[in-house]
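Here is a short tour of some charged pairs and one helix packing. Please keep the sequence and the 3D view open as you read.

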Amino acid sequence: MESHNGITAIARHAAITTTAPITTAIKAANAPRRISSLAASVAAGKLDGERFNSTANFSPSIRSLPVTNIASDDFSVLKRINEINAELAATNLESDRSFPPNLGSETTLASTESIAQHHASATARQSEKEIQRQQPVSDNDRQQITFFESVLSDPDAADFAKIKFAPLVKARIRSGSGIPATLRRRIWLWLAGANIRTHAKPVPNFTPNSRFDKIIRQDLGRTFPEHPLFKVENGAGQKSLYNVLTAYANYDDDCGYCQGLSFLIAPLLMQDGMTETEAFAIFVRLMEESGGSSAVDPRRFALRSLFISDMPGLHLILHQHTELLRIYLPALDQSLSVLGITPTMYASQWFLTLFTYSFPLDLVFRIYDLILSEGAVSTLLKFSFAILRRNEPILLATAAQDNGFEECLNILRGENVLKVYMGNIAVLIEDALILDSVISDSNLETFSA
Amino acid sequence: MIGDSGTGKSSLLLRFTDDAWLQPEEVAATIGVDFKVKIIDVDNKKYKLTIWDTAGQERFRTLTSSYYRGAQGVIMVYDVTQRDSFAHLETWFNELDTYTTNPLVVKMLVGNKIDKDGSNDSSRQVSRKEGEAFAKRMGTLFVESSAKSRSGVIDAFVEVIAETPELYQKTAAHAARAANTVNLDQQNNQSGESGGSCC
């Protein structure tokens, strides 16, 4: 009897251990604006453990990075820079990729398989990976936290744009689960230079903006309407959102308020402890036209051009996305064009909301991490292109069907486009990050016509 | 579907395609352009509609203007409890005239949110007579609707089909195949349905 109980206890313990990361994943992922299939399955108790586990545990490139050499007690960022940069350079980041960056000649995942087979074999491949990548998550998380805490406390690291170890920080942000959730607010502020800007910081003016007050108010309840922070009318979240949007409309009269901006600010306000003034400061930095010119800080944000009158930045990024498809995914480009599907129909929402409109929040926060550490337009295009590329087999098969037009659009719109990842956002992030050589600010200039 | 932000375009469309109603606090604002397909029976004939739902804010028009091209019908929506959305209709008509390539495009004016009529906080600001008179002056069809109560919603879409000559009359004359050749978005309609496109 005792031994029987013992076994039960062990089994219970095991169950608790395996569900711990699941809970974390739910917290992170379970707050989209519409009731997602994800949330619905959680509500219905039909939790797919493997799926959530994979989201929480999966660390595509963590093994490739020299994370294990950093101990918390003797950690000194500057001392380690050269050493770690050397390790970084020596590390083959491209190893273990199921999706090689060689865009011209690769064989596509499912070109010779049916879609069903593709899904089945993808699942099998995924399970293998899971087994290979079993490692203590808490260690990774702890190391990430230690690293980013050290960065924040290092007096020489005051300005991200000027530090020598920026490549190391970028690599850390790319690895594992990115910036630890508990440090996201501080790291985002630091990356944006929002806490240390030498030029006069814009002081938010929360006076109601006569031109845009009505439409701002109208959209408060229509931004993340199912997220706990924003769903309560006149609740704390909606008030903060109103204040930041108002402050921006006052700050930048030409741009004012444009629909989409509320979706872009909301994820900033979702970070623990983020004040309206801080969110405003990060947001101003994201919108600024400046940046990218200096060799020291090559990050470009300049999101403002997407939202001003006539939306020139949006038309440009749509054009760049179109060109990338035409050059690197010609078969898909051709099929969609024949159907009459243009990127405006599915990607304008992605770019105008930085993917926040219908993607799970854990993915959204990772995209924000990358935008802030690497720049906005190139990051957005890496993701939009990676998503199309991963969906190419299913889109080509669907395009050939009777209702190809609407069926393809149904795949491309909303959350459906992520189904191919089976909940494993790490694969999407990996898909996007291998595109460095293809999609960079300098490469994109050739598509600026 | 066009009209000012917040007039209920997406809600009208959702009621029409899915017979569903979401509380205002459940609906996210439309960013860019949304899209739905609906197959509907009119006089025992199946019609397949491709409907584009556009964001209402003015600066989105550079994005949405391409959807006017070749549209067979346009549903213009205002909110009967918001005078502004009615006053802006002239601008929407100009917009339509500028971008539409189809001289026979069917225009339907819809005064939405009539369920709010009489409620305290948001009573009607545009009377049915005013709406009718404006529609008559502009030569458009007219319906008042409530996406919430279903009133007028199906009428708005069915009227557009019934008034679309290349769809309705030809199909009535069993010329469905001919209608398909004017279908939009290069869809190959192989199910014998007539296609139509609205925005």
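## Ground rules

A residue is called buried when its relative accessible area is under 20%, exposed when that area is over 50%, and partly exposed in between (1.4 Å probe, protein chains only). The model is predicted, and local features need pLDDT of at least 70, side-chain atom pairs count only at pLDDT 80 or more, while totals for chains, interfaces and linings use all residues. Residues are numbered from 1 along each chain as its sequence is written, chains are lettered from A and ligands numbered from 1 in the order in which they are written, and side-chain values use heavy atoms, with hydrogens and water left out.

## A buried pair and its network

Let us begin with A:E374 and A:K382, which are both buried. They form a salt bridge (a side-chain nitrogen of Lys or Arg within 4 Å of a carboxyl oxygen of Asp or Glu), and their closest N and O atoms are 3.8 Å apart. The pair belongs to a network of salt bridges that also takes in A:R174 and A:D436.

Over all chains, the count of salt bridges is 28.

## Two further salt bridges

In chain A, the side chains of A:R217 and A:D213 meet in a salt bridge, with 2.8 Å from N to O. Both lie in helix 9 (residues 213-220) of chain A, and because they are four residues apart there, about one helical turn separates them. Helices here are DSSP runs of H or I with at least four residues, numbered from the N terminus. A:R217 is partly exposed at 46% relative accessible area, whereas A:D213 is buried at 16%.

Chain B offers another example: B:D19 and B:R15 are joined by a salt bridge of 2.9 Å, N to O. Here B:D19 is partly exposed, at 42%, and B:R15 is buried, at 8%.

## Helix 10 against helix 12

How do we describe two packed helices? We use the angle between their axes and the distance between the axes. For helix 10 (residues 236-251) and helix 12 (residues 276-287) of chain A, the angle is about 45 degrees and the axes are 10 Å apart. Axes are lines fitted to C-alpha atoms over the stretch in contact, and angles run from 0 to 180 degrees between N-to-C directions. The two helices are therefore oblique to each other, a label for angles that are not under 35 degrees, over 145 or from 65 to 115.

Among the residues in contact (heavy atoms within 4.5 Å) are A:V244 and A:Y248 of helix 10, and A:F280 and A:F283 of helix 12. By class, this contact has nine nonpolar, two polar and two charged residues; Ala, Val, Leu, Ile, Met, Phe, Trp, Tyr, Cys and Pro count as nonpolar, Asp, Glu, Lys and Arg as charged, and the others, Gly among them, as polar.
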